[in-house]
Amino acid sequence: MALPISHHIGAEHPALAGAVKFTVGSRASVSVGRSAPVAAKLNHNKQQQRKNEVASPFEMADDIASRLGHDITVAHLERLFSKQAAGGSSPPPDGDPFGRLPARVAYQGSPGSYCQEAAARAFPSSAAATLLPCFQMEDAFAALEDLSADRAVIPAENSLDGPIDRNLDLLLRHPGVRILGELVLPVNHCLLSLPGAPKSALRRVVSHPQALSHCRRSLEVLNLEVDEVASAADAARFVAENRVTDTAVIGSRIAACEFGLRVLDPNFQDRQLGGNFNRFLNLGLSSAATASSATAEHKTTLAFALHGGPSDLFSAMWIFESHGVRVARVDHRPNRKRPLRIVDRAGGKVAYLDYVFVMDVEGSTSDAAVKAAIARLTEIAAFARVLGSYTSTCHSR
């Protein structure tokens, strides 16, 4: 059983105890600063110079003409560079859904997290992309909406622990954000330590509770103290920066690269019969079009509420099945707009909690069968919305 981290680490490494227990604050890495306009600075310098000089009318005329031409040139350059920063007018690379490769990709978590790893693998051809950590789940959505990021990568589900409900709720609360892609990756929990520190010197292992639960049997073999931390990536950074030799971290391979740690054991997780996988969603604004291949398999994710609640779910699913569209996944979340559903019964009124259903179906919204099924769903649903139509990429190893 995991003991409070302050019990083991606080006495010997009080800074580590504080580092791994605190909650990181609001998003601080996704805003893009802007310098003062070049023309304004040049004009100011010119004005100061004219105050200290006595010029003839001819010199003043030449100076005005020179300054006017210079300012026009500077203004043109400013427009050129601002246009280039916003995407430019050059032809986009082939297959790029944004008209340019995503330059800024937000992800949920700290540097060295599994989500950073997913963001890097989601855009392997965009080597110059800037990956922006968002320490709160809401921040990744906000980064898209305030145009601080072109795309966002968020964790959606683990094959052992189930869906991340908070991110489903955020998808429902941000109608302008759409699912543009899906990435399924195998979990690779690595046992990380300080380079040069002997394995025999280890006294404890720290990580996020989810990672610890995935490595329970492997941890029993080590017979070390086990402690839970809020962020494995933050713990890995602290171990590296403070040269903590007696503590190992269960984290990602990208954390080892980020902080210069040694991978003692890759694939430290317990061997599961069917494997252990994480599902990530690639998000963008609804105005962005998805790049697609004629041979790629598509998925469409829908959210809807039903007047009859769960008892009408069969009817909703049958609409798609009857059109030859297979249902791949169904989940539900509380209906925040209508928390209660009141039903008249013989003995009086009965109150039930109401739900929003989130359903994945096979096919694209451009398919005639999917389009017809969605149209029919809107006729029986209290509300219905497409959360995204996209392709899925799965890495089995």
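The exercises below go through a predicted model of one protein chain, each with a worked solution.

Residues are numbered from 1 along each chain as its sequence is written. In this predicted model, local features need a pLDDT of at least 70 and side-chain atom pairs count only at pLDDT 80 or more, while totals for chains, interfaces and linings use all residues, and side-chain values use heavy atoms, with hydrogens and water left out.

**Exercise 1. Find which stretches have a pLDDT below or under 50.**

Solution. Start with the scale: pLDDT is the predictor's confidence in each residue, from 0 to 100. The average for the protein chain is 79, and 70% of the residues score at least 70. Next, look along the chain: over residues 14-100 the pLDDT is below 50. Beyond near neighbours in sequence, this stretch has 74 contacts in the model, a contact being heavy atoms within 4.5 Å. Residues 290-295 also stay under 50, with seven contacts beyond four places in sequence. Where pLDDT is low, the predicted coordinates should not be read in detail.

**Exercise 2. Describe the protein chain by its helices, strands, burial and surface.**

Solution. First, count the elements: there are 13 helices and 17 strands. These are DSSP runs (helices H or I, at least four residues; strands E, at least two), numbered from the N terminus. Second, take burial: of the 397 residues, 40% count as buried. Buried means under 20% relative accessible area, exposed over 50%, and partly exposed in between (1.4 Å probe, protein chains only). Third, take the surface: about 21,200 Å² is accessible, and 55% of this belongs to carbon and sulfur atoms. Accessible areas come from the Shrake-Rupley method with a 1.4 Å probe; for residues, only the protein chains shown count as cover. Last, among contacts between residues at least 6 apart in sequence, 78% join residues at least 24 apart.

**Exercise 3. Work out what surrounds Gln269.**

Solution. Locate the residue: Gln269 sits in the loop between β10 (262-265) and β11 (277-285). Gln269 counts as buried because its relative accessibility is 9%. Then list its contacts: leaving out residues up to four places away in sequence, Gln269 touches Val187, Asn188, His189, His214, Cys215 and Ser218. Two of these residues also offer backbone atoms to its side chain: a polar atom there lies 2.9 Å from the backbone oxygen of Val187, and one lies 2.9 Å from the backbone nitrogen of His189.

**Exercise 4. State whether Ser364 is buried or exposed, and name its contacts.**

Solution. Ser364 belongs to the loop between β16 (355-362) and α13 (368-380). With a relative accessible area of 9%, Ser364 is buried. Its side chain makes a polar contact of 3.0 Å with that of Ser366. A polar contact is a pair of N or O atoms within 3.5 Å; within protein, one must be able to donate a hydrogen and the other to accept it, and residues adjacent in sequence count only if both atoms are side-chain atoms. Not counting residues up to four places away in sequence, Ser364 touches His298, Thr300, Val370 and Ser389.

**Exercise 5. Explain which parts of the chain are tied together by three of the salt bridges.**

Solution. A salt bridge is a side-chain nitrogen of Lys or Arg within 4 Å of a carboxyl oxygen of Asp or Glu. The structure holds 19 of them.

- Step 1. Arg166 pairs with Glu138, their closest N and O atoms being 2.1 Å apart. Arg166 is in helix α7 (residues 165-173) and Glu138 in helix α6 (residues 137-145), so the pair ties together parts 28 residues apart in sequence.
- Step 2. Arg279 pairs with Glu157 at 3.3 Å between the closest N and O atoms. Arg279 lies in strand β11 and Glu157 in strand β3 (residues 151-158), so parts 122 residues apart in sequence are tied together. Arg279 is buried at 11% relative accessible area, whereas Glu157 is partly exposed at 21%.
- Step 3. Asp169 and Arg336 meet at 3.4 Å, N to O. Asp169 lies in helix α7 and Arg336 in the loop between β13 (327-334) and β14 (340-345), so this pair ties together parts 167 residues apart in sequence. Asp169 counts as buried at 5% relative accessibility, while Arg336 counts as exposed at 55%.
- Step 4. Salt bridges that share partners join Glu157, Glu182, Arg279, Lys299, Arg329, Asp331 and Asp360 into one network.
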